[in-house]
Amino acid sequence: MNDAEAGSGTLAETMGDHDVVLVLAGGNALGAYQAGVYQALHEGGIRLDRIVGASIGAFNGAIIAGNAPDQRLARLAEFWRPGPVGGAGDWMGSLPDTWRRSWDTFGTLLAGRPGMFAPLGSNSFSPAPPAIYDTRPLAAQLARLIDLDRLNSDAVHYVATAVDLETAEEVTFDNRTCRIGIDHIRASGALPPSFPPIEIDGRLFVDGGLAENLPLDPVLSNPPERPTLCIAVDLLPGKGQRPDTLSMMTERVQDLVFAIQSRRTIARWQDLYATGAPDRQQPVTLACLTYADQQAEVVGKAMDFSPASVRFRWDAGHRDGSELVRLLREGTIAVGGYGLQVHHLPGQHKARAELPA
């Protein structure tokens, strides 16, 4: 582990000597859940050696890695702007929650999200590639919240994933092999056609979640040199309610596409590690957290950035992250053993038997 976050109150003595990797999936506005998970890890004294993110996970990861430990939660809160506990503070708070969420989603679709994206035509300039929104406000926001010198230091190994729009090549922007800039982070969340591709060195890059929304491959494809705890935070659940409208069906299909993708990735790596190949001798403990309690969410949830919804998701992530810390502290989830050991929080388990053929 690095010394950047060393101090009292960590779980090092309980769990032994190992590396900790945080893997953060895409999911746009649902990413507030990841901020809550990180708060619980921070409070539990879990030190991060490496962060790998796709899409909104790359944004959250860059804010974490690009700030000193005592500044990270404040910077995440500035980015997400969670509302007070109990809901919105204005007249919207008097609406039924589903109405409020739907109204806020509709408002974002029309007007964008301040500090992140705005509809094209809202100013006199627009990016050349076709898109619905302009993400230059996000560039300014990230530049304000992230210390690029720290992000590119050896304090935390940071990786963001993206896809070459023209060749479909999957790429990783790794602070160990290149200097990460704001455009590298933006490229990981450039989901077309909503957000424009980001040009870097003459190439157009789009959202890394199109290839692997929960980016485990960059972690597991390079066998670790030490026992590793990999905490993977997914945002789109495999289980959900039966849809009864066309729009709900569309939303549910999106969840399924990404949830099944994550499940297949985990199953594939379980099989590879189970072979006992010589280059995979160091054990990896994969602790999976999923934003599973989405009964309150509405169609278009990924565009609901309202303070009350952000607070709801942040608090859900904090509860799940705190439960993970408890399980690690008591040894229910132990780092070590053999091969790839996969753990889910109770109630979030995705059995291999559920995988489609």
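Which side chain of opposite charge is nearest to Asp 49, and how far away is it? In this predicted model, whose residues are numbered from 1 along each chain as its sequence is written, local features need pLDDT of at least 70 and side-chain atom pairs count only at pLDDT 80 or more, while totals for chains, interfaces and linings use all residues. Side-chain values use heavy atoms, with hydrogens and water left out.

The nearest side chain of opposite charge is that of Arg 226, 6.0 Å away, and Asp 49 is buried yet has no salt bridge. Here buried means under 20% relative accessible area, exposed over 50% and partly exposed in between, with a 1.4 Å probe and protein chains only; a salt bridge is a side-chain nitrogen of Lys or Arg within 4 Å of a carboxyl oxygen of Asp or Glu. For charge, Lys and Arg count as positive and Asp and Glu as negative, and His and the chain ends are not counted. Asp 49 is found in the loop between α2 (32–43) and β2 (50–54), and its side chain reaches the backbone nitrogen of Val 20 at 2.8 Å. Arg 226, for its part, is linked with Asp 17 and Asp 19 in a network of salt bridges.

The protein has 11 helices and 11 strands, where helices (H or I, at least four residues) and strands (E, at least two) are DSSP runs numbered from the N terminus. Buried residues make up 53% of the 357 residues. Of the contacts with a separation of 6 or more, 75% come from residues 24 or more positions apart, a contact being heavy atoms within 4.5 Å.

The mean pLDDT, the predictor's confidence in each residue from 0 to 100, is 87, and 86% of the residues reach 70 or more. Over residues 1–9 the pLDDT is below 50, although this stretch has 21 contacts in the model beyond near neighbours in sequence. Residues 350–357 also have pLDDT below 50, with 15 such contacts. Where pLDDT is low, the predicted coordinates should not be read in detail.

The count of salt bridges comes to 17, and three of the pairs are set out below.

| Salt bridge | Closest N and O atoms |
|---|---|
| Asp 134 and Arg 136 | 2.6 Å |
| Glu 169 and Arg 203 | 2.8 Å |
| Arg 313 and Glu 297 | 2.9 Å |

In the pair of Asp 134 and Arg 136, Asp 134 counts as buried because its relative accessibility is 3%, whereas Arg 136, at 37%, counts as partly exposed. Both Arg 313 and Glu 297 are buried.

Glu 169 counts as partly exposed at 40% relative accessibility, as does Arg 203 at 29%. Glu 169 belongs to a hairpin region: strand β5 (residues 157–164) and strand β6 (residues 170–174) pair in the antiparallel sense over five bridges, two strands being paired if DSSP finds at least two bridges between them. Ala 162 stands opposite Val 171 in β6. Five residues lie between the two strands of this hairpin, and Ala 168 in the turn has a positive phi of about 70°.

Helix α11 (residues 307–330) holds Val 325, which is buried because its relative accessible area is 8%. The C-alpha atoms of Val 325 and Glu 43, 282 residues apart along the chain, are separated by 9.1 Å.

Terms used
A polar contact is a pair of N or O atoms within 3.5 Å; within protein, one must be able to donate a hydrogen and the other to accept it, and residues adjacent in sequence count only if both atoms are side-chain atoms.
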